[in-house]
Structures are given as C-alpha cells and as structure tokens.
Amino acid sequence: MRRSPDRPLGVSPATVSDYRELARRRLPRQLFDYVDGGAYEEATMRANVSDLERVLLRQRVMRDVSVREQATEVLGQQLSCPIVLGPVGLTGMMATRAEVQAARAAERAGVAFIESTVSICPIEEVAAATSRPPWFQLYVMRDRAYAEDLMARARAVGSPVLVLTIDLAVVGARHRDIRNGLGMTSSWGKLRRGFDLASHPHWIRTVALGGKPLTFGNLEKAVPEARSPSAFREWVDAQFDPSVTWKDIAWVREHWDGRLVVKGVLDVEDARQAAEVGVDGVVVSNHGGRQLDSVPSTVRALPEIADAVGERVEVLVDGGVRNGLDVVKMLALGARAVLIGRAWAWAVAGRGEAGVRHVLAVMKADIDVALGLTGCRSVNELDRSALVGGDGTVDSLLAGE
Ligand SMILES: Cc1cc2nc3c(=O)[nH]c(=O)nc-3n(C[C@H](O)[C@H](O)[C@H](O)COP(=O)(O)O)c2cc1C
C-alpha cells in the first residue's frame, strides 16, 4: 500500500519536528541541508533550541484565566498573535511559489510575513496574492542604487515595515553546503547536484516544473541574464558590504519613511547604538546560528537587551522557536514578538500553505495553554514572573533555579 507522504510517522504531522521530517523526505538533500544547517560546528544553532528548552515556565493555578488574549500590536501592525514569519531566502525552491503560499497562510492566521530580498517570488507577486502587504527584508548592499530601488518597490506595494539585516557584513561558513557541493562550479559538482535533484521526482514536478520561474524575483533587474538561483550567486555574494556602519541608517531613512527594524543584534552595546540612531525596532538574532558560531543563543542575549532598550524601541527576537511555549518564554524575557524561520520553511516544504497554517494554529494553541497555566490573561501581561527563576540572572533562568 502506498503511504501518503503527509504521514511521515504513520500519523498526521503534529509538531514542527514532524514538518522537518516531512521536509527531509521531500526535498533534495542540498535544499534540506541549506534550511536545516548552520555555520561551522552548529553549536549556536543548537544552543538557540536547547537554551530555550532550559527556560522553565512557572505554573500558576486558581487565577481565573477564563479570558486569554493573544492579539497584540507590533510595529504599528495589529497581529492576532505575536508571531511573524521571518525572512527565509530561497523558499520558492522548497515548494511551488512558496513565498506566496506562506504569505497567504500568514494572512489567514492574522500574522505578518517578511519577504526576503533573496526570495524566489518577487515582492509584487507576494503582495498581489494577499491583502496584507508583506514586510520587506533588505541587506545593506554595495549597490546602493539597487537597494534604493528595492525600497521603492516595497513602498509601492504598501509594505509597512523594512527589516534591515545587519549581521551579514561577512558570510559564515556552512559546512553542509560545502559538503553538498553548493559552491562547486565544476562539471562534477553540477552532476552531483543534478543527481540529487533528479532523484526527487515530487520536487521536480512541484518545484522545478510547477514552481517556475526559479529566479530571484527581487533581483532579476540586477542580473537580467540569470535563469537559475545559482546564476545569481556571484552577484549576491559580491553584494554583502563589510564597510557598513550605523551611519548608513541615515541613508536608509532617506529612502524609507515606514517603520525600520534592524535584524541581527546580539550585543547590548549594539542595541543601544541602534536605539541611538533612531530605529523603531531591533530583532535580537544570530541568523539562526547561520553566521558566526560560538556566539550566545538569542534567549541568552535577549533579557539584557530588552532591559537596556525595551523602553525606547520594540524588541523582537528569533532563533530556535519551535512551539508556542517558546514564544511565551521569549515574551516573558522582554520580546514584543518573535520571528520564526525554519519552522515555517519546513512546514511549507512539507505541506505548502496548509502546513504553514497548521504550524501557526498549533503555536497559537500552545500559547493559549501556556497563558492559562502560567496564570496570565494576555500576552501583553507576560513578564519574567511567568518564569521559574525570573527574578534572577540569565544563568539562573537557564538553570530554572
Ligand atoms: C534557510 C534560511 C534562509 C534564511 N534567509 C534569510 C534571509 O534571506 N534574510 C535574513 O535576514 N535572514 C535569513 N535567515 C535567518 C532567519 O530570518 C532567522 O533569523 C532564523 O531562521 C531564525 O532562527 P530559526 O530558524 O531557528 O527560527 C534565513 C534562515 C534560514 C534557515
């Protein structure tokens, strides 16, 4: 009997890990590893998850939690819960026009979707498919004129928030990508990658044929002759600008009059600088452990940053969030909202829009239970008193003491 690919464990997917397993079965290895992997020994990537697991919720009872509220305002946007789909490049390689599918799922769930600069679907296609315009993520590119054009495009579709990613001055090494020959231009490298793709007929049907064009939709004008993601690679690699400083925020402000958030802050001094130059928000992030390894997990970095700048800017966070309990922990530690990355990328790879909708619904249900059993009525009420050891240091929090 043919087993449905949606039942990887013999049962329906219930958690983000189940969607990860579905994605593993569906995707060519080079693509699964691209999403799943991190930089160097992946210690920070693992710590994002394991440190979050170590934070303990404080169970409270008999507090009348018959009304529990998740709706909240983030950067001027009303969200049904404090979750945002973070920018994940190349997702259109994981499922048919995946950015559109994910943005639709986000809209139906009442949360925001952030379109990555290096998406397959251009921002206009995503915006046309939804009535809630996506937020836009931008890198500080060497080609400033192109970056200005991208900001104009985001503005033209009504994007309310620009997320400027600032932790890519240089690019960390991802060993899995190297092992899979992602950078190899030799015929041998191409043959190996081609064999990997060809041995996944479902992917060939739904993405290689059904998801065309597989180009970087936001970058087509920059590299007009490029016809495949690998053809854009050189241009993208050359665009990361190591000379960027806080002064460049003024340039962004000249071209962007919406809300501005910087993503990739991990140190309290940088968070203070960000507040100083007048951004509206910071995303505490180590890029999902994909840039520098051996840096702190985001849950470890978050409390000090929230304490230092939380009154002046909105503090968002990402890294390792796999369920709604993780969301509640991040909020209790001072975040206003969390971004999810791999969680939605695996879901869209595993089951498209329905997968992303399901993951968001499960996270919302988790948040609801966590509110009820920590004795909180609203996500806006959450603070460290919802955590075991919440009145102590970060180390005591992580130890649940
Ligand atoms: C496959 C993949 C691609 C990503 N692409 C981008 C990107 O284009 N721009 C960006 O700012 N961050 C990018 N990120 C980082 C995410 O926005 C986010 O910081 C990270 O995934 C959070 O960790 P999590 O995956 O554990 O949730 C990417 C992450 C992954 C896993």
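Trainee: How do the residues of the shell around the ligand divide into nonpolar, polar and charged?
Mentor: The model is predicted, and in it 25 residues surround the ligand. Gly counts as polar in this scheme, and Gly 89, Gly 288 and Gly 341 are among the closest residues, together with Ser 116 and Arg 342. The division is nine nonpolar, 12 polar and four charged.

Trainee: Which helix gives the most to the shell around the ligand?
Mentor: Two helices, α2 (29-36) and α15 (342-374), each supply at least two residues of that shell. The one that gives the most does so with three residues, and it is α15.

Trainee: How are α4 and α15 oriented to each other?
Mentor: The axes of α4, residues 98-109, and α15 come within 8 Å and cross at roughly 15 degrees. Angles under 35 degrees count as roughly parallel. That makes the orientation of α4 to α15 roughly parallel.

Trainee: Is the crossing of α4 and α15 left-handed or right-handed, and how many charged residues has their contact?
Mentor: α4 passes α15 in a left-handed crossing. The α4 side includes Arg 104 and Arg 108, and the α15 side includes Glu 353 and Arg 357. By class, this contact of α4 with α15 has eight nonpolar and two polar residues, and the charged ones number four.

Trainee: How are α14 and α15 oriented to each other?
Mentor: The axes of α14, residues 324-332, and α15 come within 7 Å and cross at roughly 55 degrees. The handedness of that crossing is right-handed. At this angle α14 and α15 are therefore oblique.

Trainee: Which residues of α15 does α14 meet, and how many residues of the contact are nonpolar?
Mentor: From α14 come Gly 324, Leu 325, Val 327 and Val 328. They meet Met 363, Lys 364, Ala 365, Asp 366, Ile 367 and Ala 370 in α15. The contact of α14 with α15 has one polar and two charged residues, and its nonpolar residues number seven.

Trainee: How are α1 and α15 oriented to each other?
Mentor: α1, residues 16-26, packs on α15 at an angle of about 120 degrees, with the axes 7 Å apart. The range for roughly perpendicular is 65 to 115, and roughly antiparallel needs an angle over 145. α1 and α15 are therefore oblique.

Trainee: How many residues in the contact of α1 with α15 are nonpolar?
Mentor: α1 passes α15 in a right-handed crossing. Residues of α1 including Val 16, Tyr 19 and Leu 22 meet residues of α15 including Trp 346, Ala 347 and Val 359. With two polar and three charged residues in this contact of α1 with α15, the nonpolar ones number nine.

Trainee: Which residues does a cis peptide bond join?
Mentor: The loop to look at lies between α9 (201-209) and α10 (229-239), where Pro 213 is found. Omega is about 0 degrees at the bond that joins Lys 212 and Pro 213.

Trainee: Where is Tyr 40, and what is its phi?
Mentor: Tyr 40 is found in the loop between α2 and α3 (43-54). The value is positive in a residue other than glycine, with phi near 50 degrees.

Trainee: What radius of gyration does the protein have?
Mentor: The protein has 16 helices and 10 strands, and its C-alpha trace spans about 65 × 60 × 40 Å along the principal axes. With 401 residues, a compact globule would have a radius of gyration near 21 Å. The value for the protein agrees with that: 20 Å.

Conventions. Residues numbered from 1 in each chain as written. Predicted model: local features only at pLDDT ≥ 70, side-chain atom pairs only at ≥ 80, totals over all residues. Near = placed C-beta within 6 Å. Helix = DSSP H or I, 4+ residues; strand = E, 2+ residues; numbered from the N terminus. Axes fitted to C-alpha atoms, helices over the stretch in contact; angles between N-to-C directions. Left-handed = near helix turned anticlockwise from the far one by under 90°. Contact = placed C-beta atoms within 7 Å. Rg over C-alpha atoms; globule rule 2.2 N^0.38 Å.
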